[in-house]
Amino acid sequence: MRVLVTGGAGFIGANFVLRTLAERPDVDLTVLDKFTYAANASTLDPVASDIRVVRGDIADASIVDPLVADADLVVNFAAESHNDRSLADPSSFVQTNLVGTYTLLESVRRHDVRLHHISTDEVYGDLDLDDPARFTETTAYNPSSPYSSTKAGSDLLVRAWVRSFGVAATLSNCSNNYGPYQHVEKLIPRQITNVLSGIRPKVYGDGANVRDWIHVHDHNDAVWTVIDRGQLGETYLIGADGEVDNLTVVTSILELMGREADAFDFVTDRPGHDRRYAIDATRLRTELGWTPRFTDFRSGLADTIDWYTAHRDWWAPVKAGVEAVYAATQQTL
Ligand code: NAD
Ligand code: DAU
């Protein structure tokens with residue numbers, strides 16, 4: 001099977017490439033990536049001779065079209081992915097997440113190629129902390145940020161191309177991922193690398209916000225499950241029952257790294273900050289038979305701490321720049 005992986009040099013896409021190479025020898029992989037600030041070229045270096053890597057924009061039809069024509073399947077991980085950046089400057093989010101997805105859709109339509117579109121639980125907005133509800137495939141879209149609204153728009157484009165043009169596509173919406181190769185702008189790697197750099201971890205607002213954590217390997221196993229067994233035109237939610245509040249995440253990192261649990265700072269909150277996400281993945285579990293394997297969050301966190309400790313060369317070159325951007329917008333409370 002010839003698979004075109006867009007965004008394959010980013011966090012989840014690169015993990016998808018590495019695991020697919022290890023577990024699916026029948027798959028021939030091409031990565032299309034713009035290598036924005038979020039990509040790390042060194043991640044794919046060890047497998048450079050096993051895959052084809054094309055540097056290019058998913059919104060550029062002249063690059064996308066020949067690659068799609070040559071593929072049996074496109075898996076679209078490419079996106080601008082960080083809420084804080086989308087609040088500072090939404091333009092690249094509109095361009096990549098909306099125009100880029102549109103460009104891919106027109107190309108898979110032209111060449112009759114299957115698409116799997118990767119999306120997020122943030123399209124559903126947020127839940128109250130004491131609400132027993134969780135997101136399901138029928139929850140109404142209600143995104144909060146420029147990031148999540150452009151992801152919601154990209155999902156709607158995919159659904160429209162399925163219905164109007166018969167494009168062969170599936171969608172999946174996953175909760176917060178963690179694991180190796182995640183950019184240090186995101187909560188868990190930011191705080192681990194803060195501790196490793198002698199900087200106090202930073203918690204937005206009151207720290208009571210809840211995210212539904214899933215290990216990136218479980219997400220990618222679920223993506224393959226949907227590709228292999230999902231029904232065309234359908235959406236599947238991916239989550240591993242991993243609700244944890246931000247304060248617990250940060251104090252767990254501090255404890256696991258041998259620091260005092262209160263050695264962090266509260267900083268100004270993110271505007272429009274979603275309170276809680278929670279996924280009900282019953283459909284994926286019962287219809288497609290998927291089960292997560294990395295469900296011990298504290299042990300997954302310990303492994304992730306070990307990974308960032310052992311791979312300082314991977315993140316150190318960008319760490320100071322990320323912290324300088326945060327320092328310009330966030331004050332300690
Ligand atoms: P990331 O920011 O780490 O990686 C994104 C990759 O896309 C980068 O390699 C970047 O260079 C590439 N890219 C950006 N714009 C591009 C363009 N115009 N053309 C080609 N490549 C481009 O993101 P991630 O965390 O790996 O997320 C991957 C996907 O999964 C995104 O669609 C995101 O919305 C979704 N998702 C992420 C999470 C999460 O917790 N990280 C959870 C659910 C869904
Ligand atoms: O839910 C899926 C989404 O998860 C994905 O679609 C996004 O691409 C991904 O970035 C992630 O979005 P979040 O905004 O939830 O992730 P982030 O790591 O930025 O923040 C997680 C929580 O931690 C959130 O409540 C904000 C808070 N936070 C974040 C940072 C960077 C802090 O308290 N301190 C921080 O320094």
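Trainee: Is phenylalanine 35 buried or exposed in this model?

Mentor: The model is a predicted one, and burial is read from the relative accessible area, with values under 20% counted as buried. Phenylalanine 35 has a relative accessible area of 19%, so the residue is buried. Its place is the loop between strand S2 (28–33) and helix H2 (41–44).

Trainee: What is the phi of phenylalanine 35?

Mentor: Phi of phenylalanine 35 is positive, about 50°, although the residue is not a glycine. Aspartate 112 is another such case: its phi is near 55°, again a positive value in a residue other than glycine. Aspartate 112 sits in the loop between helix H5 (91–111) and S5. With a relative accessible area of 66%, aspartate 112 is exposed.

Trainee: How is a pair of aromatic rings described?

Mentor: Such a pair is described by the distance between the ring centres and the angle between the planes. Across the whole structure, a search finds 16 aromatic pairs. In one of them, phenylalanine 16 and tryptophan 224, the centres are 5.5 Å apart and the planes stand at 10°, so the pair is stacked.

Trainee: Which helices hold phenylalanine 16 and tryptophan 224?

Mentor: Phenylalanine 16 belongs to helix H1 (residues 11–23) and tryptophan 224 to helix H8 (residues 216–229), so the pair ties together parts that are 208 residues apart in sequence. Phenylalanine 16 is buried at a relative accessible area of 0%, and tryptophan 224 also counts as buried, at 7% relative accessibility.

Trainee: What geometry do the rings of tryptophan 161 and phenylalanine 165 have?

Mentor: Their centres lie 5.3 Å apart and their planes are at 70°, so this pair is edge-to-face. Both residues lie in helix H6 (residues 146–165), four residues apart, which is about one turn of the helix. Tryptophan 161 is buried, with a relative accessible area of 13%, whereas phenylalanine 165 is partly exposed, at 37%.

Trainee: Which residues form an aromatic cluster?

Mentor: One aromatic cluster is formed by Tyr181, Trp307, Tyr308 and Trp314.

Trainee: Let us turn to the ligands. How many residues are around ligand 1, and which come nearest?

Mentor: There are 28 residues around ligand 1, and Ile12, Asp33, Ser81, Tyr147 and Lys151 come nearest. The shell divides into 13 nonpolar, eleven polar and four charged residues.

Trainee: Which protein atoms lie at short listed distances from the N and O atoms of ligand 1?

Mentor: A polar side-chain atom of serine 81 is 2.7 Å from an oxygen atom of ligand 1. A backbone N or O atom of asparagine 177 lies 2.9 Å from an oxygen atom of the ligand. On the nitrogen side, a nitrogen atom of ligand 1 is 3.1 Å from a polar backbone atom of lysine 34. The protein covers 97% of the 830 Å² of accessible area that ligand 1 has on its own.

Trainee: Which elements give two or more residues to the shell around ligand 1?

Mentor: They are H1, strand S5 (114–120) and H6. S5 gives the most, with three residues.

Trainee: How many residues surround ligand 2, and how do they divide by character?

Mentor: Ligand 2 is surrounded by 25 residues, the closest being Thr120, Asp121, Tyr147, Arg270 and His273. The shell holds seven nonpolar, ten polar and eight charged residues.

Trainee: Which polar atoms of the protein should I inspect around ligand 2?

Mentor: A polar side-chain atom of asparagine 83 lies 2.9 Å from an oxygen atom of ligand 2, and a polar side-chain atom of glutamate 122 is likewise 2.9 Å from an oxygen atom of the ligand. A polar backbone atom of lysine 202 is 2.9 Å from a nitrogen atom of ligand 2. Of the 690 Å² of accessible area that ligand 2 has on its own, the protein covers 95%. Helix H7 (187–196) and strand S8 (202–204) are the elements that give two or more residues to this shell.

Trainee: Where does ligand 2 lie with respect to the domains?

Mentor: Domain 1 (2–178 + 214–238) and domain 2 (187–210 + 242–278 + 295–326) both give residues to the shell, so ligand 2 lies between them.

Trainee: Where is leucine 333 placed?

Mentor: Leucine 333 is in the segment after helix H12 (312–329), and at 64% relative accessibility it counts as exposed. Its C-alpha atom is separated by 5.5 Å from that of phenylalanine 266, a residue 67 residues apart from leucine 333 along the chain.

Terms used
Residues are numbered from 1 along each chain as its sequence is written. Chains are lettered from A and ligands numbered from 1 in the order in which they are written. This is a predicted model: local features need pLDDT of at least 70, side-chain atom pairs count only at pLDDT 80 or more; totals for chains, interfaces and linings use all residues. Side-chain values use heavy atoms; hydrogens and water are left out. A residue is near a molecule or strand if one of its heavy atoms lies within 4 Å of it. A polar contact is a pair of N or O atoms within 3.5 Å; within protein, one must be able to donate a hydrogen and the other to accept it, and residues adjacent in sequence count only if both atoms are side-chain atoms. Accessible areas come from the Shrake-Rupley method with a 1.4 Å probe; for residues, only the protein chains shown count as cover. Ala, Val, Leu, Ile, Met, Phe, Trp, Tyr, Cys and Pro count as nonpolar, Asp, Glu, Lys and Arg as charged, and the others, Gly among them, as polar. Domain bounds come from an automatic or database domain assignment. Rings of Phe, Tyr and Trp (its six-membered ring) pair if their centres lie within 6.5 Å; planes under 30 degrees apart count as stacked, over 60 as edge-to-face and the rest as tilted. Buried means under 20% relative accessible area, exposed over 50%, partly exposed in between (1.4 Å probe, protein chains only).
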